[in-house]
Amino acid sequence: MLRGLDTNQVEWTPAVSVSNRQSIDVCADTHVLSSVAMIAEAAALAGSGSAAVLGCGRCGEIPLRLLNQTFDLVDLIDIDEDALVLVGAQCKQWNEKKNACQFHSADLTGMIAPIERQTGELVENTVDPIDCVEKLGVLLESTAPAFWMLPQGQRYDFVVCSTVVTQLQALVRERVERIYRRRFPTYETALLQNRSWRESAWNFARNLEDGFIAHLGALTKPRGIVYLSETVHVSWLTQLDEQSVATEGSWITLRTSRLADYLRPGDTIISARRWDWLREGREGEFWGRLYGVQALIYRVE
Ligand SMILES: C[S@@+](CC[C@H](N)C(=O)[O-])C[C@H]1O[C@@H](n2cnc3c(N)ncnc32)[C@H](O)[C@@H]1O
């Protein structure tokens, strides 16, 4: 799913420097500050009307209060109901005169429930675990998404899609793999290493990304504004000592190393930025991750 780029050594004091290349200024809240500032800039361009925050999560990188003040309607959509409840409680605490926020607990891909059902049937009816992996790959690639929109198909003046695109394919794949592992618990490695499954998962992910970014255009009114950001590069970090971490390289999480490559010819980029996001959090032998985030504000045709 991931392709290697280059090899870096990363040292960090309060900031992080990539010692064999150039020095980069990174601290843990760079990401939140950069996201909030750029979404505020995009909201000002959209001006008023309606907004949607896709995969809003806990709105950790979203200036939600500003959106509430700027727009008459702010739709917040996520599959994680607990996160929506938390954001709802926060909105109440502000005690603003206007509450424009509406919450939608939904699957943005529209494919999780059908693919879980079909995966369940397939694993029950297949005896050979390898044959099953290959059939699951075909299922993954051939199941069409039904991307979320309002029942009447209403479109928004402003759409925010902040670090969500790579998560969509990951969640669908994870749900399929979980059902497979329950049926064939000793075949986890076979699944992860199976060439045919990996190719299907890669094709599925890239097609879902293409489709979803095209769908952002369908969710946005003509001449409306989209804020799109993604963790396009990721490096897993190992700790060397109290002052430094190292990485074997950074990986591209998308089809290309430029998020802008996903836009359609009629989309006009108004602003494009990149920043590094240092995320501490132990994962096995790793100290944390360094993401290379790319963010775009663009106007749809
Ligand atoms: C990295 S988080 C985004 C963080 C968020 N923008 C914030 O400000 O905190 C990705 C979010 O996408 C949501 N997500 C992933 N797959 C989804 C799906 N199929 N439908 C709806 N939400 C999904 C996750 O639940 C999670 O909240």
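Visitor: Okay, two residues count as in contact if their C-beta atoms, placed from the backbone, lie within 7 Å. What covers the buried residues of helix 1, then?

Guide: This is a predicted model. In it, the cover over those residues includes helix 2 (64–70), along with strand 8 (156–162), strand 9 (220–241), strand 12 (268–283) and strand 13 (286–299).

Visitor: And which residues of helix 1 are buried?

Guide: His31, Ser35, Met38, Ile39, Ala42, Ala43 and Ala46. Looking down the axis of helix 1, you'd find them within an arc of 145°, so they line one face of the helix.

Visitor: Why would that kind of spacing put residues on one side?

Guide: An α-helix has 3.6 residues a turn, so residues three or four places apart point the same way.

Visitor: What exposed residues sit on the face turned away?

Guide: Leu33 and Ala44. Right after helix 1 comes Gly47, with a positive phi of about 90°.

Visitor: Back to strands 12 and 13. How do they run?

Guide: Antiparallel, with 13 bridges joining them. Trp275 stands opposite Val293 in strand 13. The two strands make a hairpin with two residues between them, and Gly284 in that turn has a positive phi of about 60°.

Visitor: New topic: which residues come nearest the ligand?

Guide: Gly55, Gly57, Gly60, Ile79 and Leu108, out of 21 residues around the ligand.

Visitor: What's the mix by class in that shell?

Guide: Nine nonpolar, seven polar and five charged.

Visitor: Which helix gives the most to the shell?

Guide: Helix 6 (residues 165–183), which supplies three residues.

Technical notes: Residues are numbered from 1 along each chain as its sequence is written. This is a predicted model: local features need pLDDT of at least 70, side-chain atom pairs count only at pLDDT 80 or more; totals for chains, interfaces and linings use all residues. A residue is near a molecule or strand if its C-beta atom, placed from the backbone, lies within 6 Å of it. Helices (H or I, at least four residues) and strands (E, at least two) are DSSP runs, numbered from the N terminus. Ala, Val, Leu, Ile, Met, Phe, Trp, Tyr, Cys and Pro count as nonpolar, Asp, Glu, Lys and Arg as charged, and the others, Gly among them, as polar. A residue is buried if 20 or more other C-beta atoms lie within 10 Å of its own, exposed if 12 or fewer, and partly exposed in between; C-beta atoms are placed from the backbone. The arc is that of the directions from the helix axis to the C-beta atoms. Two strands pair if DSSP finds at least two bridges between them.
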